[in-house]
Amino acid sequence: MSKGIPKRNEDYSLWYNELVKKADLAENSPVRGCMVIKPYGYSIWEKMQAALDKMFKDTGHTNAYFPLFIPKSFLSKEAAHVEGFAKECAVVTHYRLKNAEDGSGVIVDPEAKLEEELIVRPTSETVIWSTYKNWIQSYRDLPLLVNQWANVVRWEMRTRLFLRTTEFLWQEGHTAHATRQEAIQETEQMLDVYAQFAEEFMAMPVVKGIKTPSERFAGAEETYCIEALMQDGKALQAGTSHFLGQNFAKAFDVTFANKEGKLDHVWGTSWGVSTRLMGALIMAHSDDEGLVLPPKLAPIQVVIVPIYKGEDSYAPIDEKAQEIRKALLAKGISVKYDNRDTHKPGFKFAEYELKGVPVRLALGLNDLANNTIEIARRDTKTKEVFALDGNITGKVEELLADIQHNIYQRALGFRAENTTKVDTYEEFKQLLDSKGGFIAAHWDETAETEAKIKEETKATIRCIPLDAEAEEGRCMVTGKPSKRRVLFARAY
RNA sequence: CGGGGUGUAGCGUAGCCCGGUAUCGCGCCACAUUUGGGAUGUGGAGGUCGUAGGUUCGAAUCCUGCCACCCCGACCA
């Protein structure tokens, strides 16, 4: 491992790419746009999964698994849906390889052509709704609350580790309801779950809002989202929850008999977050020394580094360190005791900073003599000497909680500083090119104006915030009346 | 998918213009001395120069196709 990573303020995207690789989160695979998620990176994803999965279960959902392949014909059932995904689908056309006759290797066997091509799922609405048709007959079968953890493939033109990969991991919830109102409530509930997860676990503040019609999910009647602000002033869509209306139910003819015995189409929702959250997590908190992980998602919450001179001094230090390690483990804290004698302490310090371990304990001969331990925290990079006759596990628990809180507050402060109200288009453009961030401005609610702004400034309407206050104003571009401000930003 | 750039050991690179089988640093292995912020010395291992062709007596070097990565556009979780 070479020393250091590029500086954030010199080249943000280079900093990001190098950090992902140097911190052992992921690397590129031989196939364009696909990544290998390395054990350390995957551990973080597993923690995210565990927390989200519990939240889904707590709100009444259960997991299931639907197939990777979708018959091509399914994609054409919901018009807007095809429109949205057709351009980025991977297609399976054959099922067999054979040795080339000239010995040059394997080739696709032309005789093994599929009658109907299979699409590698870009999302699962179509397979799932075609299945739901058989699962739902009566209002007694509703609501149907299912989630799946899966991989999906979207043939994106331009990819970036975690932020946009050809294949990515995600969860997709797909629910069916008897009434419009209930489906909308579900959509909103899951948006709240995402927002709560982002803020509580990722320590990342988000804005809850609604997408404009042009940014809406293909096949949805309404798309809700959570939007986060990254350190370079760009926005990142961190999760979406869609109210599908009866679109998919109609496309796949999913009906139910209501209490009056009348047939009606069911109302649907779908909602998802992906490994893109890893990118959000990295960009929300990390610095020039490496990752800064929120304690609630850090695979290693505490690292203990023994510092000794010669074999003789190791035994007593080891004994004390083991004792502390066990005490922390007993409190449910994940601890790594790094007693490798192949690396010096300074090397280890730098390495755990790169990997974002929230708390570091260093224990040496001086500490043994004084009955103390050195405690360093990653978020502020400060150190203190703690007397071991105090409650070390309590101290660490407190510190972990404080770090979690502190990085959230820091990100919240950053967002506040980088959210600006703007009333003129000139000011808007100027701000985008200087500090960026979220810009709250009036808009005339037309797709034309939205497109014009996007074309001229590359900024998009991230969302119409749910908590946007009613405020009479005039569209900054056309001067037409507007009832509230919407949130603009350049985005990932 | 269009424009630009890059690809040499695990990582970062020199060599390429002006063809003669590869430089340096980090890392790796062994031993010794080290260990409170990325250790030092000595010795050693590791490369079909992204890939497939072509030109040539000879290709990392020149030409062509392909693959991947980075940047800019169009597309997007």
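Here is a short set of questions and answers on a predicted model of a protein with RNA strand B.

Me: Happy to start with the record! Which residues does UniProt assign to the class-II aminoacyl-transfer RNA synthetases family profile domain?
Reply: The feature comes from an unreviewed UniProt entry. In the model, the span is 30% helix and 32% strand, and its end C-alpha atoms lie 18 Å apart. The record places the domain at residues 39-294.

Me: Let's turn to the RNA. Which element supplies the largest share of the surface near RNA strand B?
Reply: There are 39 residues around RNA strand B, and Arg158, Arg164, Thr165, Asp367 and Lys458 come nearest. Elements that each supply at least two residues of this surface include β19 (359-364) and α11 (365-370). The largest share, 7 residues, comes from α10.

Me: How much of the RNA strand B atoms within 4 Å of the protein belongs to sugar or phosphate?
Reply: Both parts of the strand meet polar side-chain atoms. Ser274 has one 3.2 Å from a base nitrogen, while Arg276 has one 2.8 Å from a sugar or linking oxygen. Of the RNA strand B atoms within 4 Å of the protein, bases make up the rest, and the sugar or phosphate part is 44%.

Me: Which residue has a side-chain N or O atom 2.7 Å from a base oxygen of RNA strand B?
Reply: A good place to look is β19 (359-364), which supplies at least two residues of the surface near RNA strand B. The side chain with an N or O atom 2.7 Å from that base oxygen belongs to Arg360.

Me: Now for the interior: is Thr269 buried or exposed?
Reply: Thr269 lies in strand β16 (residues 267-274). Its side chain makes polar contacts with the side chains of Thr175, at 2.5 Å, and Trp271, at 3.2 Å. The cut-off for buried is under 20% relative accessible area. Thr269 has 0% relative accessibility, so Thr269 is buried.

Me: What lies 3.2 Å from a polar side-chain atom of Thr166?
Reply: Thr166 sits in the loop between β9 (144-153) and β10 (167-177). Despite that loop setting, Thr166 is buried, with a relative accessible area of 3%. At 3.2 Å from the polar side-chain atom of Thr166 is the backbone oxygen of Arg32.

Me: On to charges: how far apart in sequence are the parts tied together by Arg8 and Asp288?
Reply: These two residues form a salt bridge, with the closest N and O atoms 3.4 Å apart. Arg8 lies in the segment before α1 (12-22) and Asp288 in the loop between α8 (276-285) and β17 (302-307), so the pair ties together parts separated in sequence by 280 residues.

Me: Why does Arg8 count as partly exposed while Asp288 counts as buried?
Reply: The boundary between these two classes is 20% relative accessible area. Asp288 falls on the buried side because its relative accessible area is 19%. Arg8 counts as partly exposed because its relative accessibility is 26%.

Me: Which strands are tied together by the salt bridge of Glu227 and Arg462?
Reply: The side chains of Glu227 and Arg462 meet at 3.0 Å, N to O. Glu227 is in residues 222-229 and Arg462 in residues 460-465, so the pair ties together parts that are 235 residues apart in sequence, in strands β12 and β24. Both residues are buried, and the strands asked for are β12 and β24.

Me: What is unusual about the peptide bond between Leu142 and Pro143?
Reply: Most peptide bonds are trans. Pro143 lies in the loop between α5 (125-135) and β9. Its bond with Leu142 has omega of about -5 degrees, and the bond is cis.

Me: What is the phi of Asn371?
Reply: Most residues other than glycine have a negative phi. Asn371, in the loop between α11 and β20 (372-377), is partly exposed, with a relative accessible area of 33%. Although Asn371 is not a glycine, its phi is positive, at about 55 degrees.

Me: One last surface question: which residues make the nonpolar patch of about 280 Å²?
Reply: One member is in strand β6 (residues 97-99), namely Leu97. Leu97 is exposed, with a relative accessible area of 54%. The patch is made by Leu97, Val106 and Val108.

Technical notes. Residues numbered from 1 in each chain as written. Chains lettered and ligands numbered in written order. Predicted model: local features only at pLDDT ≥ 70, side-chain atom pairs only at ≥ 80, totals over all residues. Heavy atoms only, no water. UniProt positions renumbered as here; feature names shortened; annotations may be inferred. Helix = DSSP H or I, 4+ residues; strand = E, 2+ residues; numbered from the N terminus. Patch = residues over 30% accessible without salt bridge, like charges linked within 9 Å, V, L, I, M, F, W, Y side chains within 5 Å. Areas by Shrake-Rupley, 256 points an atom, 1.4 Å probe, with all protein chains shown as cover. Salt bridge = Lys/Arg side-chain N within 4 Å of Asp/Glu carboxyl O. Buried < 20%, exposed > 50% of the residue type's maximum accessible area, 1.4 Å probe, protein only. Near = heavy atom within 4 Å. Polar contact = N/O pair within 3.5 Å; in protein donor to acceptor, adjacent residues only side chain to side chain.
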